[in-house]
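Please open the structure in a viewer and keep the selection tool at hand. The tour below proceeds from stop to stop, stating at each one what to select and what is found there.

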2 protein chains.
Amino acid sequence: MSLTNAPGLRPAVVLLSGGLDSTTVLAHAIAEGYAAHALTFRYGQRHSHEIVAAQRIATTLGASGHAILDIDLRGFGGSALTDASIAVPKDRSADELTHGIPVTYVPARNTIFLSFALAYAEVLGASDIFIGVNALDYSGYPDCRPEFISAFEALANLATASAVEGRTRVVIRAPLQQMTKQQIVTFGTTLGVDFSHTVSCYDPRDDGAACGHCDACQLRHRGFREAGIPDPTRYAVTPAELR
Amino acid sequence: MSLTNAPGLRPAVVLLSGGLDSTTVLAHAIAEGYAAHALTFRYGQRHSHEIVAAQRIATTLGASGHAILDIDLRGFGGSALTDASIAVPKDRSADELTHGIPVTYVPARNTIFLSFALAYAEVLGASDIFIGVNALDYSGYPDCRPEFISAFEALANLATASAVEGRTRVVIRAPLQQMTKQQIVTFGTTLGVDFSHTVSCYDPRDDGAACGHCDACQLRHRGFREAGIPDPTRYAVTPAELR
């Protein structure tokens, strides 16, 4: 059932990449009774599979709206996700996966994404902005940590006309904040998420199959394995080749 | 003389709209000895005159670089500057000009602009971000107030890899913060700014002539008058018609 234009529901903005985490957050926001407006960015990713995935997910889950914005982060460079001259790392060890800031870090990405979400929220009259950051990300990405999210919430309430005039009190909701990938897989499964629609891989094949070797593939597959839930991902490698 | 690739200068990012305020800030940053990298946005403004002005200004003043980013704020609507269905107000009284949030307010604009500036700064290895907010703006735009700027600075130092790893301490510089338009005109003049290159009008004629009636034209013209400096702006109306 679609919630499009459902009367009486509180509007919210949900950042949706088309990955496992943000899809679970969208399902959660809708289950909580929000009229969820998904927001997705084309930001110079090397592939568009996740945009297509996000569109399918927003429709399937019954988002009340879905905005896809083009923003250009390629001009700045500095990340393996937006700069073709930097290689996506493969087959890193468990220790490497959870320590240090990886080259897939995109400068100020979540600051930029949340800023647009704030603009969208103000136009919609929404107070709530959902983002799928989680415990696993904290070790690597500075703009996924709880103190960053809190600082953005403080900023948001000084930044917009609706907040300053007292019409809204902006709340940044990060419901996965304390969860591991295993817990997110379990949580999303209970919410009825079809994870076969989601895309995590940083470096998929042209046909969309996940590489199975990048950080995102490894963390994703391990999440399913540890949750004891079959991994529905279509990989370019055999199950035996997955770490 | 161009400062392009000048060795030994500290890099900085300067938000440049092509208007009177941000142009003065760029001149100030260069005079202070920074290698200033200007950052301009095409964000669905009704007219592109200010983009052309920004390019000319960056070249003339000797910016070390100039990035022009396309971002789409039209999809959200909600502002007379990005939504053709909302009229730009004309001939408002002095009281109206300095009270309340005008319809030319663009939701979360400075949050978005500063977020991109932060990304640019990180890639450049710059600690300093310059923005031309000033006292006059405070009354109308929430995201021009000193408390907003301070909150963004706090966020920035939690948001980026370079700040979190201790390589940079991000500082948001707003050198016009306490200045009136009159003082900015005087300051810019002492810095040698050619204000005839700058564009303030919210609703220029197709040939680029300023309308003379919108808030920006009125505040600009009054600034020159009060500073006792001839206004070099090409208006679509006669001097006698300016308020």
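Select helix 8 and helix 9 of chain B, which are roughly perpendicular to each other. In this predicted model, helix 8 covers residues 181-190 and helix 9 residues 215-227, and the two pack at an angle of about 65° with their axes 8 Å apart. Their crossing is right-handed. To display the contact itself, select B:Lys181, B:Gln182, B:Ile184, B:Val185 and B:Thr186 on helix 8 of chain B, together with B:Leu219, B:Arg220, B:Arg222, B:Gly223, B:Phe224, B:Glu226 and B:Ala227 on helix 9 of chain B. Coloured by class, this contact shows five nonpolar, three polar and four charged residues.

Next, display both chains and turn to the place where they meet. Here 36 residues of chain B are in contact with 36 residues of chain A. On the side of chain B that touches chain A, select strand 3 (65-70), helix 4 (109-124), helix 6 (146-159) and helix 7 (161-164), each of which supplies at least two residues. Which of these elements gives the most? Helix 4 of chain B does, with nine residues. By class, this side of chain B divides into 25 nonpolar, six polar and five charged residues.

Now move to chain A and select its open sheet of five strands, which has the order 3-2-1-4-5 with parallel pairing. Strand 3 (65-70) and strand 5 (171-173) of chain A stand at the edges; each has a single partner strand, so one side of each lacks a neighbour in the sheet. From one strand to the next, the twist averages 25°.

Within the sheet, select strand 1 (residues 10-15) and strand 2 (residues 34-42) of chain A, which pair in the parallel sense over six bridges. A:Val14 has A:Ala38, in strand 2 of chain A, as its bridge partner. Add helix 1 (residues 20-31) of chain A, which lies across strand 1, strand 2 and strand 4 (128-130) and runs at about 160° to strand 2. Then add helix 2 (residues 49-61) of chain A, which packs on the sheet and touches strand 2 and strand 3; its direction makes about 170° with that of strand 2.

For the last stop, select A:Ser196, in the loop between helix 8 (181-190) and helix 9 (215-227) of chain A. Is this residue buried or exposed? A:Ser196 counts as exposed because it has 10 C-beta neighbours inside 10 Å. Finally, select A:Leu26 as well: A:Ser196 and A:Leu26 are 170 residues apart in sequence and 15 Å apart in space, C-alpha to C-alpha.

Notes
Residues are numbered from 1 along each chain as its sequence is written. Chains are lettered from A and ligands numbered from 1 in the order in which they are written. This is a predicted model: local features need pLDDT of at least 70, side-chain atom pairs count only at pLDDT 80 or more; totals for chains, interfaces and linings use all residues. Axes are lines fitted to C-alpha atoms, for helices over the stretch in contact, and angles run from 0 to 180 degrees between N-to-C directions. Helices (H or I, at least four residues) and strands (E, at least two) are DSSP runs, numbered from the N terminus. Angles under 35 degrees count as roughly parallel, over 145 as roughly antiparallel, 65 to 115 as roughly perpendicular and the rest as oblique. A crossing is left-handed if the near helix is turned anticlockwise from the far one by less than a right angle, and right-handed if clockwise. Two residues are in contact if their C-beta atoms, placed from the backbone, lie within 7 Å. Ala, Val, Leu, Ile, Met, Phe, Trp, Tyr, Cys and Pro count as nonpolar, Asp, Glu, Lys and Arg as charged, and the others, Gly among them, as polar. A residue is buried if 20 or more other C-beta atoms lie within 10 Å of its own, exposed if 12 or fewer, and partly exposed in between; C-beta atoms are placed from the backbone. Two strands pair if DSSP finds at least two bridges between them.
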